[in-house]
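Good morning, colleagues. Please turn to the chain on the screen, and I shall take you through it, beginning with the ligand.

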Amino acid sequence: MAELMSESTASRPVAPAKVFAFAGCEADSCFHDVATGVYREQSYCYDEDKTWAENLANGLPQRCRDLPPSERCWAPEDKWVTFLNHKLASPFGVAAGPLLSSQWVALAASRGYDCLTYKTIRSHYHPGHSLPNILHLQVNQQLPASGPGCQEPLIASAGVGADVIRTGAGGKTHICNGAGAGTASGTGTGSETGGAEKAIRGGGGGGSGGAPILAITNSFGMPSQAPERLAEDIPVAAAALRPGQMMVVSVTGTSGRPGVSFAEDLALAARTALAGGATALEVNLSCPNVGSSHVALYQDPPAVELLLTGLAEVVRSGGGGGGGGGGGGGDVPLLIKVGAFPDSDTDGMRRVLTAAERAGAGAVAGINGLSRRVDLPGGGGPALGPERPSSGVCGDPIREAGLRFVRAARQVIASDNLGLGLVGVGGVTQACHVMEYLEAGADVVQTATGFMWRPHLGTDFQRLWAAAGYTARRADGRGGRG
Ligand SMILES: Cc1cc2nc3c(=O)[nH]c(=O)nc-3n(C[C@H](O)[C@H](O)[C@H](O)COP(=O)(O)O)c2cc1C
């Protein structure tokens, strides 16, 4: 039985839940403008026409600040999940990227997301790429993580595209029949699979009808606030959390900085995060511009082990001496963020996960966006300009790749008895997708694109989670909760 709690009345500590009131947990209907579909075309909480620095300076768009309090179903505490020694009220959250600062963290924490990853930070201020940073894509199929299909350029589009998505070869697509996305009668995951073509409809939440495909590419160049600003803002973000929520801070290093190696630079960023009170650190190993090796860092087991070993030492020593000064550390857990592995490369994944665990990592999160060449329509050349021919594809079309990663990683973790938690990311745009990831073996599920365009996903999932009795049918027969 879950307690229905209005965010306006939420206070610490969360009272033990007594009354289950699923029918009373309304969707975040304030996000749905069915008549105009206005929030389908533009991100709700990010201005795509402005740079990252402008978004940060402007803060949350006014429409987010004006939101009425949301209602969510809080699970009773005995149904909370344990992840990296933290108690989470639910196994759902926001992946690294959309939470630019404490304002965004507070928004997510108040709308049904519990595992919140503060956007990747560096040791120094970095403005990232100029515009455009986000483009919509004309994609109506699940994209493979590897193979010849990856060479096909994708085409940018003016806005949210087709409403039908086809499965990739051998893949299957989960249909949200509404149960997973907003109907009060939702008692299951809305799962159906099979067939070559599946319509993803009826799941917009709150009875909004169809849910158009969300397919974007993003290219930000991993911007970062300065350490002094982060030292102020990360504690504010941490203070926005309620019991049952946790904040992970994503960190990366920069190669080529004078007199500082990539590993040393990463340690500086980690110290800033620890000083600010991060309860977990996620090392972003998944971007092509990380490190100097010809493969992405996450596919290089010795490099992963070396880096993680050094970082674990920083954490053990309490993180002292870095930007923002002292504090934090001790037993703060480490996650690694990885991209997709080639489908046939389970051994490669095994070597990386084993190396990460040996070096002290407590969890792995994947996947990042799938790197693809993105062109303008009509042979107009690279959509992001000649300097950026390829970029990360996110949203609906990468869900199968994300699920495949989770299934394979779960299998490796189980067979090799690795002490790693597993965070599933990629293409979660409706509540039923979260269930699909949990069933595939994820301990926690996160969304990036979904949060930006459909912030109501958090409360949608909380209603579905309650209706499912706070449990998922794990493919490997493990217990229902993480
Ligand atoms: C706007 C945006 C910014 C992102 N920035 C980061 C980042 O700073 N660090 C990171 O590890 N991943 C970043 N990502 C990748 C996401 O964390 C996630 O792995 C990817 O988008 C796939 O999830 P999705 O399909 O839910 O978007 C970003 C994604 C988006 C959409």
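Which of the 23 residues around the ligand come nearest? They are Ala96, Thr120, Lys337, Gly427 and Thr449. Please bear in mind throughout that this is a predicted model.

Let me stay with the ligand and its polar partners. A backbone N or O atom of Gly427 sits 2.8 Å from an oxygen atom of the ligand. A polar backbone atom of Ala448 is 2.9 Å from a ligand oxygen. The side chain of Asn284 also takes part, with an N or O atom 3.0 Å from an oxygen atom of the ligand. As for cover, the ligand taken alone exposes 600 Å², and the protein buries 96% of that. Four elements give two or more residues each to the shell: strand 6 (115–121), strand 11 (215–218), strand 17 (390–395) and helix 11 (449–453). By character, the shell comprises ten nonpolar, eleven polar and two charged residues.

I turn now to the chain as a whole. It contains twelve helices and 19 strands. Of its 482 residues, 58% count as buried. Among contacts with a separation of 6 or more, 74% are between residues 24 or more positions apart. The accessible surface of the chain is about 17,300 Å², and carbon and sulfur atoms account for 52% of it.

Next, the interior. The largest nonpolar core has 132 residues, and those touching the most other members are Phe83, Val249, Leu281 and Phe405. Let us take Phe405 as an example. Leaving out residues up to four places away in sequence, Phe405 touches Val338, Phe341, Met349, Val364, Ala365, Gly366, Ile367, Leu422 and Val423.

Two of those partners, Gly366 and Ile367, bring us to the backbone. In general, most residues other than glycine have a negative phi, and most peptide bonds are trans. The bond joining Gly366 and Ile367 is cis, with omega about 25°. Ile367 is placed in the loop between strand 15 (363–366) and strand 16 (370–375). A cis peptide bond also runs from Leu131 to Pro132, with omega near -5°. Pro132 belongs to the loop between strand 6 and strand 7 (134–137).

What of positive phi values? Leu84, which is not a glycine, has a phi of about 50°, and in Asn85 phi is near 65°. Leu84 lies in the loop between strand 3 (81–83) and strand 4 (86–88), and Asn85 is also placed between strand 3 and strand 4. Are these residues buried or exposed? Leu84 has a relative accessible area of 14% and is therefore buried, whereas Asn85, at 75% relative accessibility, counts as exposed.

Helix 4, residues 102–109, is mostly covered, with six of its eight residues buried. The buried ones are Ser102, Trp104, Val105, Leu107, Ala108 and Ala109.

I close with Thr254, located in the loop between strand 12 (246–251) and helix 6 (262–275). Why does Thr254 count as buried? Its relative accessible area is 14%, and the cut-off for buried is under 20%. The side chain of Thr254 makes a polar contact of 2.8 Å with the side chain of Arg122. Neighbours within four places in sequence aside, Thr254 is in contact with Arg122, His124, Phe262 and Asp265.

Thank you for your attention.

Conventions:
Residues are numbered from 1 along each chain as its sequence is written. This is a predicted model: local features need pLDDT of at least 70, side-chain atom pairs count only at pLDDT 80 or more; totals for chains, interfaces and linings use all residues. Side-chain values use heavy atoms; hydrogens and water are left out. A residue is near a molecule or strand if one of its heavy atoms lies within 4 Å of it. A polar contact is a pair of N or O atoms within 3.5 Å; within protein, one must be able to donate a hydrogen and the other to accept it, and residues adjacent in sequence count only if both atoms are side-chain atoms. Accessible areas come from the Shrake-Rupley method with a 1.4 Å probe; for residues, only the protein chains shown count as cover. Ala, Val, Leu, Ile, Met, Phe, Trp, Tyr, Cys and Pro count as nonpolar, Asp, Glu, Lys and Arg as charged, and the others, Gly among them, as polar. A nonpolar core is a set of buried Ala, Val, Leu, Ile, Met, Phe, Trp, Tyr and Cys residues joined through side-chain atoms within 4.5 Å. Buried means under 20% relative accessible area, exposed over 50%, partly exposed in between (1.4 Å probe, protein chains only). Contact means heavy atoms within 4.5 Å.
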